[in-house]
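Subject: Handing over the structure

Hello,

Here is the structure I promised to pass on to you. Please have a look at it first, and then read on for what turned up in it.

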Amino acid sequence: MPPEPDNLFLSVYVASAEGVLWEGAAQSVSSANRDGPFDVLPQHARFITMLSDTPLTVRPLSGDTQTFALRRAVMHVRDNTVAVYVGI
């Protein structure tokens, strides 16, 4: 059975205390935590992690790849939604 249309992309939200840094639909998100590098793709299991001194790469469905240099952040993945809170 083919995946449902809403399961073909991630809804990504990257925000800091100053406001939204990036928001939109993406095919993947990549970064690293203390255990090493990882990728988040559609249908990813629930996941929460701290990110420290690492890049966050968002690959949008359209447009250029967005890369953020993170000093400290929390990433939460659930139901094809990736929320990254920078400066936590």
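Let me start with a question: does Phe-38 count as buried, partly exposed or exposed, or in other words, which of these labels fits its relative accessibility? With a relative accessibility of 13%, Phe-38 counts as buried, because the cut-off for that label is under 20%. Please keep in mind throughout that this is a predicted model.

Now the overall picture. The protein has six strands and zero helices, so along the sequence the pattern reads β-β-β-β-β-β. For its 88 residues the globule rule gives 12 Å, and the radius of gyration is close to that at 12 Å, so the protein is as compact as a globular protein of that length. Along the principal axes, the C-alpha atoms fill a box of roughly 40 × 25 × 20 Å. Of the 88 residues, 36% count as buried. The protein exposes about 5,600 Å², and carbon and sulfur atoms supply 51% of that area. If you take the contacts between residues at least 6 apart in sequence, 47% of them join residues at least 24 apart.

Next, the inside. The largest nonpolar core has 18 residues, and those with the most contacts inside it are Val-12, Val-29, Leu-56, Met-75 and Val-82. Two or more residues of this core come from each of β1 (10–16), β2 (19–33), β3 (36–40), β4 (47–60), β5 (66–78) and β6 (81–86). The largest share, five residues, is given by β5. Val-12 is a good place to zoom in: leaving aside neighbours within four places in sequence, Val-12 is in contact with Trp-22, Glu-23, Gly-24, Ala-26, Val-29, Val-58 and Val-82.

Then there are the aromatic rings. A search of the whole structure finds two aromatic pairs. One of them joins Tyr-13 and Tyr-85, whose ring centres are 6.2 Å apart; their planes stand at 65 degrees, so this pair is edge-to-face. Tyr-13 lies in strand β1 and Tyr-85 in strand β6, so the pair ties together parts that are 72 residues apart in sequence. Both tyrosines are partly exposed, Tyr-13 with a relative accessible area of 28% and Tyr-85 at 39% relative accessibility.

The other pair brings us back to the opening question. The rings of Phe-38 and Phe-47 have their centres 5.2 Å apart and their planes at 70 degrees, so this pair is edge-to-face as well. While Phe-38 is buried, Phe-47 counts as partly exposed at 23% relative accessibility.

On to charges. Side chains of opposite charge can pair when their charged atoms come close. How many salt bridges does a search of the whole structure find? It finds one, formed by Arg-78 and Asp-79, with the closest N and O atoms 3.5 Å apart. Arg-78 is partly exposed, with a relative accessible area of 39%, whereas Asp-79 counts as exposed at 59% relative accessibility.

Last of all, take a look at Gly-87, in the segment after β6. Gly-87 counts as exposed, at 62% relative accessibility. Not counting residues up to four places away in sequence, Gly-87 touches Arg-72 and Ala-73. From C-alpha to C-alpha, Gly-87 and Leu-70 are 8.1 Å apart in space, and their positions lie 17 residues apart in sequence numbering.

Happy exploring, and best wishes!

Key. Residues are numbered from 1 along each chain as its sequence is written. This is a predicted model: local features need pLDDT of at least 70, side-chain atom pairs count only at pLDDT 80 or more; totals for chains, interfaces and linings use all residues. Side-chain values use heavy atoms; hydrogens and water are left out. A nonpolar core is a set of buried Ala, Val, Leu, Ile, Met, Phe, Trp, Tyr and Cys residues joined through side-chain atoms within 4.5 Å. Buried means under 20% relative accessible area, exposed over 50%, partly exposed in between (1.4 Å probe, protein chains only). Helices (H or I, at least four residues) and strands (E, at least two) are DSSP runs, numbered from the N terminus. Contact means heavy atoms within 4.5 Å. A salt bridge is a side-chain nitrogen of Lys or Arg within 4 Å of a carboxyl oxygen of Asp or Glu. Rings of Phe, Tyr and Trp (its six-membered ring) pair if their centres lie within 6.5 Å; planes under 30 degrees apart count as stacked, over 60 as edge-to-face and the rest as tilted. The radius of gyration is taken over C-alpha atoms; the globule rule is 2.2 Å times the number of residues to the power 0.38. Accessible areas come from the Shrake-Rupley method with a 1.4 Å probe; for residues, only the protein chains shown count as cover.
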